[in-house]
Every structure is written in C-alpha cells, then in structure tokens.
Amino acid sequence: MEWRKGYDVAVVGAGHAGIEAALAAARAGAEVVLFTMDIDAAGKMSCNPAIGGVAKGHLVREVDALGGEMGRAIDATGIQFRKLNTRKGPAVWASRAQADRHRYSDWMRSTLSKAKGLSFRQEEITGLWVERGRLLGLHGISGMRYRANAVVITTGTFLNGRIHIGMESMPAGRAGDPPSVFLASDLKERGFPMGRLKTGTPPRLDTRTINWASLTEQQGDINPTPFSVDNECITQTQLPCHITYTNAKTHEIIMGAMDRSPLYAGVIEGVGPRYCPSIEDKVVRFSEKERHQLFLEPDSRDLTETYPNGISTSLPLDVQQALVNSIEGLEEAEILRPGYAVEYDFCDPTALFPTLESKHLDGLYMAGQINGTSGYEEAAAQGILAGINAALKVCGKSQMIVGRHEGYIGVLIDDLVTKGTKEPYRMFTSRAEHRLLLREDNADLRLTPFGIKAGVITDSRKKSFKRREEERERLRVFVNSRNITPSPLLNDHLNALGTAPITSPVKLVDLLRRPEVTACDLKQFVDNWPVTDERSEVTVEVETKYEGYIRRDRESLQKLLSLETMAIPKDLDYKKVAGLTIEVSQTLESTRPLTLGQAQRIPGVTPAAAAVLLVHLRKVGAA
Amino acid sequence: MRALDDTICAVATPPGEGGIAIVRVSGPRALDVARGLLRKANGSELSLEPRYATLANVVTPGNNRIIDEVIALLMVAPRSYTREDVLELQCHGGRAAANAVLEAILAMGIRLAEPGEFTLRAFLRGRIDLIQAEAVADIIHAQTADSLKIHEGLLQKKLSEEVSDWQRTLGDTLVHLESFLDFPEEELELQSAEALTTPLKLVANKMKEKLESYSWGRTAREGFRVAILGLPNVGKSSLLNLLAEEERAIVSPVAGTTRDTIEVKINALGAPIHLVDTAGLRASADEIENEGVIRARRAASEAYLLLMVFDGSRDLTPEEREEARTLAEGGSFIAVINKSDLDLRPSIAVKELLGYVPLKISAISGEGVEELLRLLRERAWAGEGPTSEEPLTRLRHRNQVAAALERVEQGIALLETTEYADAAANELQSARRELASLLGWGTPEEIVDKIFEEFCIGK
Ligand SMILES: Cc1cc2nc3c(=O)[nH]c(=O)nc-3n(C[C@H](O)[C@H](O)[C@H](O)COP(=O)(O)OP(=O)(O)OC[C@H]3O[C@@H](n4cnc5c(N)ncnc54)[C@H](O)[C@@H]3O)c2cc1C
Ligand SMILES: Nc1nc2c(ncn2[C@@H]2O[C@H](COP(=O)(O)OP(=O)(O)OP(=O)(O)O)[C@@H](O)[C@H]2O)c(=O)[nH]1
Ligand SMILES: [Mg+2]
C-alpha cells in the first residue's frame, strides 16, 4: 500500500549523518521524511560521548558553515571543552568537547521536531522501491510504500550488524538496537558492492564506584571558542575528566584471555580500524609499551555513567571486569554496560560520485558509516552534503562538490569515492594536501559561500557571515597600515613574551609576524582596534604568520587546479582512449571519475596513464 | 598517441654483422605468433614453456617453408620487460634472417614497433621508472664511454634508488611529525629538534652534492656546447671542418659565406663537444646575412663556451675590437688566432684586448689544433674532469632535485620549534612530491599507513 503523501527527499536513519541530511534537505526547501528504527535513539552517540578532535573538529566547523546542526548541539550540551594541539601550528589546532550524551540527542530530537518541511517517522525500511530501473521510493516493514524523488541512506553500523562479547554474539545494530537485515539483503540483491567492517566500544563504568581522589584531573579550557559561528561564547560550567593507565597486571589479564577473544579466536571477520584499536589489539601489537593511557570521561551531567576512553574491548564480561579492576582508581569500579565489538556491512563508496549519489541508481545517495567511515563528525559531514545534493537534485539544480583544497569534507568524500576503504575511515589532517589552507578558524569563510549557493543558509546567518568577512578585512587593513609606537609598557610586554623590544614605531603587522606575538597581545596597546570577534583575530594572525607558506600553497594549487577541474565526459569510452592499458581503462571504467584530478588519484592509475588521458581530453575538448 | 594494447614487433639487436639477431614481439598476440610460426624440426606444432629456451623452426604459415632456425623464449605477462606477453626469437646473425622472420610476423597483422615503444610500455606499466626510461634513450644515443657508463648506471636504478632513499628518510620523519600532529591524545613527544633534523640535514647534503655533479653530467650526456664566433672570413667554418674531420660547412674566400648555424658533435680527447659554426658578425645590407648574424648571437647565448676566432693575417678592425670586448664580457670564451701558416701580424692588438696572447692555430695546416682540443676538454670538464660516478645528466633531474632541496631546507628551519610543525610537514611533503615526480610516482597515503605500523595509537 502506498502512503498517502509523497516526498521530495526520504532519509533512512536518524544517526549523525541522517539528521544532518534531513535538516539540510529541509532547509533547502525540500519536503522531507526521516525514517528511523527508534525515534528515542535519534542522534545517539553509540560510542565516545565527545565531538571534535584533530581533523574532526575541522569537520564540525565545516558542517556548521553549511548551516548544519552538530556545532550548535555540542555548544549547547558540552560538558567539557578543550582545544588540542595548541603548540603545534595553526593548521592542526583543533576543538574537542565532551558531550552530555542524553542532552545531545534530546537537542537533536527537538531540532528535528521543530524543523519546517520535515516529518519524522519510526519505521524500519526494508528495501528500495525501484521500478523499471527507476528509484521511486522506499518499502517499510509496516507494509507501506513511500514515494520519494530522492533517497539518502544513512544506516550506520546497522546493516547485518552483529555484536560480540567474548565468544557470545548476537544480531544487533549496536547494543540495545536490532540490526537492519532486510535492507542489507535488498541492497545486496540489487548488486551494490558490499564489504564487512568492525568497530568496538569500551565497557561503561558506574561513576560512584571509581576512586577519583587518586587520579589526575584534567580541566577544560577557561574560555573556549564555540564550534558554531552562531554562538559567541560557552557559558555553562564544565566538568573535569580524569587520567589513569593500564599496567602490567592489566596486560597479563588480557593476554591470559586471548583464547576467548572473538577478534583473536577468528570469530570476527570484519576489518577493524588500526587507529582505534581495542585494548587487546594494543597490548598485542605494542607489546613493548608498559602502559596505555585512559581518560575517564563523564557521560552526562545528571547520571552516574563514566566512559573509560582507551579500553575498547570485546573480551568476555568477566575478563572486562577483571581488567578494569586492575587499573589504578578503578579497583572497585563496577561495569554498567559491557564493552563489545560490532561487525556490519558497508557499501563500497567507490560506487558513488563525489556528490554521494550512486553511480548505479539515479537519485539514491548514501552517507555516514554505511560508506565505510567511522565517527560522528565524518558521518555528519557526508550527511549534510548528501542531504543538500538530494534536495538540489529534486529541484533540478546543479550538485555541490567540495574540492580537496576547499574543505576536509572534500578530502573525506574524494578519498572515499576515489580510493574506497579497507578499514573504517577516519579523518586525519595528514590526509589533506592543502592543510595550511583548511583551518578551523576559516571553515566559515571557506564553506558558507557553498551553503549560500545551495540555498541552505538563513538570512541572519548570511548577514553575520558578511559581517565576519568584513571584520577580517578590516583587521587585515588595520594591521597592515597602522603603526605601533614603543612604550615602556609595550616593551615590557614584548620582553615578557621573549621577543625583542622595539625602539621606533613599526607596522603592527611586523610585530604580528613574530612567532611569539598574538593579535591579543597587541590590541591592548593600540586605539580603535577594529574588531570584537576573537575568531577574526585568529584568522588574520595566522594568515600573517604563515603568509609565505599560504601563498606558496595557493600557487602550487593554481597549477594543479586546471587539471583538477578538467571535466571528464560522463559517457567517455575508456576503451577508445588510445594509449591506456587494458587494466587502467577497466579501472577508470568502473570508477568513472568526474575530473582528471579524481582520475589521477585512483589507485592503479599511473601518472603516465593520467597524461594519456589528459592528451585525449584536450583533443576531445578542442574538437 | 599510439595504441598501447596492441601487439608490436621489431628487431631488437643493432644492425650489422652479429652472431645472432633478436626479434621481439610484445602484446596480447605474442602467443598467437608463437603458435602460428614456430614448428618442431619434424614439422609438428610445438608449445613453449615460459622462460625456457626452445629450439624451433620459423615457417611460413600455409606452405610450412622454413625461414630460419631460432631459439625461442616466451615470457608471460606480467613477468617480462613490458609486463605483456613477450616472445623473443634469436635468429641467425646478420640482417637477412631476422628481417625474413620479421616479415612473417608482420604478415600476421602485427604492427612494427616505433622507436622506444617497448620501453614506453615498460614505463606505462610501472615496470621501470621515468629515470630508467630516460636512461634507455640516453644509452641509445650515448656518444662517449662516460655517457654510456653513467646511463647504464641510471638504468640499473642507481639514481632511482638514491632518490628512493631520500624519500624514505623524509617519509620516516613525516611519520613522526604526522603522528605528533594527528594524535594529540597519544602522549607522543616529538623527538628533539636535533634528532628530527639530523637525518634531514644528511639528505640535504647529499642533494647538494648531486646538484654539483650536474655540470659534468650534463656535459657527459648532451655534449659541451661551444659556439664559434668571429668576423667574416676569419676561418670559422674551416676550423669546424677540421675539428669535425669532415667537410660539414661550406668554406670560401667570400666574406659572409655561412648563414645558418651548423652543428656537429665531436669528441675532444674524450670530452663530448657540441660545436656550432655561425655566420660572421658584421652589419650587412643583405637581409639573409643579417638573419644569420641574429642566429649567431642566439647560438652564442645558448652556448656554455664561445670560441672566438681572429684572422692573424690582418690587423684587427675597430668592429672586431668592439665585438671581442662585448663577447668577452658576456661569459666564458677561448680566443684563437687563425691562419698561423700565413705571415702573422704582431698579435699585440689582441693581447692588449684580452690580456694574454691567444693560441695560434691554422685551420689549413692543423697547427695548434691538439692544444685547442685540450683546452676544450678542460673547459668542458670545468678543469676537474668527472666529479661523480653517478652525476645528474638532465635538466629535469636537476630542477626536481633543486626544488626538493629547497623544501627540505625550509623544513629543517621550521623544525627548530614545534610551533610550526604543520608548515614543516608541508615542506617535507612537497619535497617528497618533487622527488616522486622525478621518478614518476608516489602518494601520501603511504605515510598515513606507516604511522600505524610504528606507533601505538589509542582511541
Ligand atoms: C560499538 C560501536 C563502536 C564505535 N566506535 C567508534 C570509535 O571508536 N570511533 C569513532 O569515531 N566512531 C565509533 N563508532 C561510530 C560512530 O558511532 C558512528 O560512526 C556514527 O554514529 C555513524 O553515524 P551514522 O549516522 O552513519 O550512523 P548511526 O549513528 O549508526 O545511525 C544509524 C541510524 O540508522 C537507523 N537505521 C538503521 N537501519 C535502518 C532501517 N532499515 N530503517 C530505518 N532506520 C534505520 C538507526 O536507527 C540509526 O538511527 C562506533 C559505533 C559503535 C556502534
Ligand atoms: N691560409 C689559411 N687560410 C685559411 C685558414 N682558415 C681559413 N682560411 C681561408 O679563409 C677563407 C674563409 O674561410 P671560412 O672558413 O669560410 O671563413 P668563415 O669565418 O667561416 O667565413 P664566413 O662564413 O664568411 O663568416 C677561406 O678561403 C679559407 O680557405 C688558415 O688557417 N690558413
Ligand atoms: Mg663560414
């Protein structure tokens, strides 16, 4: 039976990808429906109750620049904010915050319920509704068919999910949620290339049973910068985290139980992430390390649950309990929920265009963990792009693609659709070739224009964007034109910073170029400082200090861009491109890159083959 | 651009009398060729075991007439030079047998390979890198023993391996640096600035040494460019002919004989010299001659050395003085006084001009020519002779290494503090990219991969 109402865009899954996709499509003016298995679990943090971190913080700000919800949600519900890498260079400065897990998903739930043009429904989707090769909508487990012009699938770890605790295993999308089996078979039967991955989570501890007094405390930052440009500051009180370590005894317990580890006993076949290894992995692979660090992170303000960051495990519960109790401060700790590993199906992302639309089925988009990524931020970043593109598609407007030099979103998606992934893909700054251009402080400047073009930015946001742009420009002009005169006060300050005093007036910019001097140091010594937003100061300061490097990066980028953006006709017959080897033309045929730049990055496409392709495109272009 | 997935064939051994001549076939139809043309001594079909030498007759399909008796070698893709199926037939020496075999293969519709095409395929299939491919070409064109030796070395990956070593060192440093940047929660301490930059400095020094070898390597490869300049009729073309040991240029008593530049490669006592004869320098009413003078000046600006020729049988003219003075200021040169077989005028005028008495030679009698060759060799090798066993020989190589060096040095400077670790990493990445394009490959993904092998990375 067909549901009485049809939609422009249907989103499957109310995780971090699905929420952004649905909200973005609605902002773009589409009539949207969002399906999820459990409305109460919308925006649930399956694992670590934290948002941001290196490269992930960058993604959150980019999502925010595109009008996304993640930044506002964490600003409102964070319980501890910390800027990481503060002494390592501005491109890797990164924001991270602990979330109150419950308030975070409540925030999302309430945002969804307030969004115009968005209906939210609890319904398990069992398959795509396709007739004569055309996507018409979705089938629900209720027997209902839902008509939609575009579909975004964001089912996370749910496809054929199976969780493991010791040698026990059961079907589940994550602890407490049933898996999505019908949809998995439907996709498989339709020939979508799929693989299997694995990830894990630590046991949660009862806060009241931890001996906090013996542990090192870690406080949040005094005056943190919010994730969202909509917020001026963070006002809520922050909670501390605590640090402890595993020890020889812990490692002994783990080694002694290896025969009951599903990872090592060969029960789990999915590939896990190397960078988020379970504690058993860490102990085996880094046997020379005497201890591993653990952060004890509060999971909420109101409840007594603690998240021990660093001991993800799928060992049997008795072993989990013993290993927890072997750790300093956790001698008496009790497990509230066991740690576990989850195995799930993912769809090979190389079957997607850089718009996240399927190459095989027009109007079908995929985003989030289903594409082989891991992490809330990676999911949200794909979700917002897929949602925007689904809406643009429905209105017949041209799709949005973010370049690798324009945002981490671009790097993430280009990596996925071009190279695919063999393990859960996590974002790193080292994946970005133009890291110096892709900073947290300029995410807004880089990506808001994309959002405006796509029609997902509100008027008030447009206004504030313009203001921020003007502020930065004003400050640039100011520091480049204004002199600062020596005074005993200024020179004392410079001495204190460890840099030479000045004897005659100098341009502000000359002082700002010094590594030791920040914009904040200078503003107290000049009148009429032209801006109030600290974020503008950071941008101008970094641009000043890194001027030479940024300029060179831009120059080398200009050289690349002509190739990068050279379009490849969608129907190009690679077999007819003289000079390509059979293997390469087959690889290109199956990946069907949109630009020469993308083609060059496909594994197996040699520089020589790319040159052959370039010659061909030039010839075709000239004709 | 030619097709790269069809089958090609060619005689692979150089022309001339030889013990054997090899015909090579590469591509998907190599096996067809074996099946169609090769027979056992008793005329029956034969099947080739890959990588085993097999005695066979090459026959004309249809009438089974024996063309030649050969040793056949089959190499199956990808274990071959081109990574395609390759059939090699060792024919009897001389051209005739090999040509007849080639004819039979061509008759099967196999295409004749273009120059360098086997190597091109080897490169495009990733069998050899770009430096090796270039070396193959340079070996074929090598004019001197030195050039041959150097390029054999390049073909054996001597430079490629050195470049890979540099890349590895940069990569190792990047692994530390990138983990430090991407995993703040891991309590990774960056190694001391010194520990981090010491290997980089070693690499930088090696790059510098390499760059210094270029002037010698370039000479070895392309010859040392010398332009012969002077007023009309001083005997430039005569000198060129003498040095080239052949009558390349027209010589005549008419002033303004030479118009176009004339180039010859000579071997000056072991040093490869690229000589350029030019039009006599003078202002003329003749349009063609004027164009010749323009070309002469261009040749002068492209040369590494000018060979200035004066006519010793007459006095210097004022224009000659002026010319000599500007040319001498322009760069490195050797002056010679020609026609020593005639009555020489006192060469005082030239001495006054140049500060010394130039070498006297005669393009007619050959006097002074040995000495001139010695001078040329000395200048070609910058006085030192070969400075390195494996010098850089191509401008492309030099430019890539220079660009990489600049980035490495910048990276070292930035690593004095951790505050610029991101920019430092950028510099090292760029350096690696420069080296990668020297070889024709490379991806930063390798670095991401390596991070995980070496460090314990927690969540
Ligand atoms: C055990 C575990 C450990 C993890 N460990 C880490 C880690 O170490 N590091 C890290 O960065 N990330 C980790 N994560 C990943 C992180 O939770 C995900 O990357 C992120 O939540 C993915 O977001 P998503 O939107 O793609 O999917 P999810 O957040 O998983 O959301 C999927 C949504 O789809 C819905 N759904 C599924 N099937 C259907 C259907 N057929 N019909 C309707 N709705 C459906 C579900 O109800 C849910 O709302 C872990 C996750 C789990 C479960
Ligand atoms: N006796 C004598 N005559 C020479 C010598 N070298 C050249 N000549 C003569 O000088 C005349 C000019 O020689 P070229 O070699 O044509 O002179 P050129 O410098 O090339 O002259 P243009 O091409 O006109 O600029 C010819 O008649 C030569 O035979 C020499 O060493 N001794
Ligand atoms: Mg002449």
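Buried here means under 20% relative accessible area. Keep that cut-off in mind for the metal site. One caution before we start: this is a predicted model.

Let's take the magnesium ion first, ligand 3. Which protein atoms act as its donors? Two side-chain oxygens: OG of Ser237(B) and OG1 of Thr258(B). They lie 1.9 to 2.0 Å from the ion. The two donors come from distant parts of the chain, 21 residues apart. Ser237(B) sits in helix H9 of chain B, residues 236–244. Thr258(B) sits in the loop between H9 and strand S9 of chain B, the strand being 262–268.

Now the cut-off. Is Thr258(B) buried or exposed? Its relative accessibility is 11%, so Thr258(B) counts as buried. Ser237(B) has a relative accessible area of 10%, so it is buried as well.

For contrast, look at Ala100(B). This residue belongs to helix H2 of chain B, residues 95–107. Its relative accessibility is 30%, so Ala100(B) is classed as partly exposed. Its C-alpha atom is 6.8 Å from that of Ile67(B), although 33 residues separate the two along the chain.

On to ligand 1. Its surroundings comprise 36 residues. Which of them come nearest? Ala17(A), Ile125(A), Ser180(A), Gln369(A) and Gly375(A). The surrounding residues come from chains A and B, so the two chains share this site.

What is the shell made of, by class? There are 17 polar residues, 14 nonpolar and five charged.

Next, the secondary structure. Five elements of chain A each supply at least two shell residues. The helices are H1 (16–27) and H9 (376–394). The strands are S2 (32–36), S12 (194–201) and S19 (340–347). S12(A) contributes the most, with three residues. Mind the labels: the H9 here is in chain A, while the H9 at the magnesium ion is in chain B.

Now for polar atoms close to ligand 1. I'll give you three distances. A backbone N or O atom of Gly375(A) is 2.7 Å from an oxygen of the ligand. A polar backbone atom of Ile125(A) is 2.9 Å from a ligand nitrogen. Lys56(A) uses its side chain: a polar atom there lies 3.3 Å from a ligand oxygen.

And how much of ligand 1 does the protein cover? On its own, the ligand has 990 Å² of accessible area, and the protein covers 97% of that.

To recap: a magnesium ion with donors from Ser237(B) and Thr258(B), and a ligand 1 site shared between chains A and B.

Conventions:
Residues numbered from 1 in each chain as written. Chains lettered and ligands numbered in written order. Predicted model: local features only at pLDDT ≥ 70, side-chain atom pairs only at ≥ 80, totals over all residues. Heavy atoms only, no water. Near = heavy atom within 4 Å. Polar contact = N/O pair within 3.5 Å; in protein donor to acceptor, adjacent residues only side chain to side chain. Areas by Shrake-Rupley, 256 points an atom, 1.4 Å probe, with all protein chains shown as cover. Helix = DSSP H or I, 4+ residues; strand = E, 2+ residues; numbered from the N terminus. Nonpolar A, V, L, I, M, F, W, Y, C, P; charged D, E, K, R; others polar. Donors = N, O, S within 2.8 Å, 3.2 Å for Na, K, Ca; no water. Buried < 20%, exposed > 50% of the residue type's maximum accessible area, 1.4 Å probe, protein only.
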